[in-house]
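Thanks for coming. I will go through one chain, a few residues and pairs at a time. Please keep the view in front of you open while I talk.

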Amino acid sequence: MQTRVLACDAPETLEAVLETLEAGGLVALPTETVYGLAGNATDGRAVARIFEAKGRPAFNPLIAHVSDRAMATSVARLSPLALALTDAFWPGPLTLVLPAAPGSPVHPLATAGLGTVAVRMPKGPARAIIAAFGRPLAAPSANRSGRVSPTSAAHVLRTLDGRVDLVVDGGACPVGVESTILKVEEDRLTLLRAGGVTLEDIRAAVGHDVAHGGGGPIEAPGQLASHYAPAGRVRLAADEALAGEFFIAFGPGPVRGDPACVENLSPSGDLAEAAARLFEILTSFDRPEIERIAVAPIPDVGLGLAINDRLGRAAAPRGPG
Ligand code: TXA
Ligand code: MG
């Protein structure tokens, strides 16, 4: 398949996107978090193509992306607490895992047959596209399984060129890490994935504590231990680069070594800037000749939780595939 790339604001783009989705094809779309590999969530064939294009080892459930609250309630049952969360954070980088609505149009392949469904209203061009399409879009991050999530159109093409019909180029994603995933059960909140909305913000908005999922590492079914992996081995919480290591720094401290082998997530120590640059830097170091990468310690607060989760997976022992 030939992958077409269209600028987000080009006059022909919306029509091309809608035609592709209508035909069960796949479109890589910019969201505020990362680029999504989008297909019609109500069309089993389109959903199957998403899994095929990503090369996912299993049929992990996908997020149903919606454009408004009416579409959200056609897909899931929203408790008063869930509604309060949508008021505070939608559109934005928060995904809610909710009981599926009776008669939900989302295809069971997209929910992996679970009785729950993950729902998110993205910010930016993706939302207008969903509104025009009129049905929810299933969209995992637009990368081959296990690889770094894409924050630019070029980055999508790195692993999906020839596997996706259309890429909509909307420039760099401002948040840069995926959405926070919260499971909502009545008045209980459980964090399944740290992401673009911080726990501090959630507590402040709804006055609710958030439990961590699964006891151990944060658990969503598709959150494999080894993920976001560049070709080289990754060493965390490193004070400096050892001989032969490329270094990912954070903050204003001086970094020894060859400047060509060093990238700084945020020289001023700003976690939002670090989140926005994380995948871009991991991708720039994802080259066969880079065998070892060391990463400076990142504070485990606010967006640091999401950054450390992704770095932990990038550093985890590699499984098959
Ligand atoms: O920011 C994002 O969330 C991006 C953009 C494209 O929206 N999407 C994204 O999708 O990161 P994906 O498929 O890479 O991650 C979705 C995660 C998976 O780990 C999956 O297991 C989990 O959501 N998930 C989906 N449905 C679930 C459910 N019913 N219960 C628990 N976890 C679920
Ligand atoms: Mg992903």
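A residue counts as exposed when its relative accessible area is over 50%, as buried when that area is under 20%, and as partly exposed in between. Keep in mind that this is a predicted model.

Let me start at the beginning of the chain. M1 lies in the segment before β1 (4-7). Is M1 buried or exposed? The relative accessible area of M1 is 58%, so M1 is exposed. Exposed does not mean without contacts here: setting aside neighbours within four places in sequence, M1 is in contact with G162, R163, V164 and D165. For a sense of distance, the C-alpha atoms of M1 and C173 are separated by 26 Å, and these two residues are 172 residues apart along the chain.

Now take V119, in strand β6 (residues 116-120). Its relative accessible area is 0%, so V119 is buried. Which residues does V119 touch, not counting residues up to four places away in sequence? They are I63, A64, V66, A72, V75, A76, W90, L94, T95, L96 and L98. The C-alpha atoms of V119 and A225 are separated by 23 Å, with their positions 106 residues apart along the chain.

W90, from that list of contacts, brings me to a peptide bond. The bond from W90 to P91 is cis, and its omega is near -10°. Most residues other than glycine have a negative phi, and most peptide bonds are trans. P91 sits in the loop between α4 and β5 (94-99).

On the matter of phi, there are two residues to point out. E186 is not a glycine, yet its phi is positive, about 50°. Where is E186 found? E186 is in the loop between β9 (180-185) and β10 (188-193). With a relative accessible area of 67%, E186 is exposed. A237 is another residue other than glycine with a positive phi, near 50°. A237 is placed in the loop between β12 and β13. A relative accessible area of 54% makes A237 exposed.

Next, a pair of helices. Two packed helices are described by the angle between their axes and the distance between the axes. Helix α4 (residues 80-89) and helix α8 (residues 199-206) have axes that come within 10 Å and cross at roughly 115°. The crossing of α4 past α8 is right-handed. Which residues make the contact? From α4 they are L81, A84, L85, A88 and F89, and from α8 they are D201, I202, A205 and V206. Sorted by class, that contact has eight nonpolar residues, one charged residue and no polar residues.

I will stay with A205 for a moment, in helix α8. Its relative accessible area is 42%, so A205 is partly exposed. Leaving aside neighbours within four places in sequence, A205 is in contact with A88 and F89. The C-alpha atoms of A205 and A241 are separated by 40 Å, although the two residues are 36 residues apart along the chain.

The last topic is aromatic rings. A pair of aromatic rings is described by the distance of the centres and the angle of the planes. How many aromatic pairs does a search of the whole structure find? The search finds two. One of them is Y228 with F279, a stacked pair with 5.3 Å centre to centre and 5° between the planes. This pair links distant parts of the chain, 51 residues apart: Y228 is in the loop between β11 (211-212) and β12 (233-235), and F279 is in helix α9 (residues 271-284). Both Y228 and F279 are buried.

The other pair is F246 with F285, whose ring centres are 5.3 Å apart. Why is this pair called edge-to-face? The planes of F246 and F285 are at 80°, and planes over 60 degrees apart count as edge-to-face. This pair, too, links distant parts of the chain, 39 residues apart: F246 is in strand β13 (residues 246-249), and F285 is in the loop between α9 and β15 (292-295). F246 and F285 are both buried.

One more ring before I stop. The charged end of R135 sits over the ring of F133, at 4.0 Å from the ring centre.

Note on methods:
Residues numbered from 1 in each chain as written. Chains lettered and ligands numbered in written order. Predicted model: local features only at pLDDT ≥ 70, side-chain atom pairs only at ≥ 80, totals over all residues. Heavy atoms only, no water. Phe/Tyr/Trp six-rings, centres within 6.5 Å; stacked < 30°, edge-to-face > 60°. Helix = DSSP H or I, 4+ residues; strand = E, 2+ residues; numbered from the N terminus. Buried < 20%, exposed > 50% of the residue type's maximum accessible area, 1.4 Å probe, protein only. Lys NZ or Arg CZ within 6 Å of the ring centre and 35° of its normal. Axes fitted to C-alpha atoms, helices over the stretch in contact; angles between N-to-C directions. Left-handed = near helix turned anticlockwise from the far one by under 90°. Contact = heavy atoms within 4.5 Å. Nonpolar A, V, L, I, M, F, W, Y, C, P; charged D, E, K, R; others polar.
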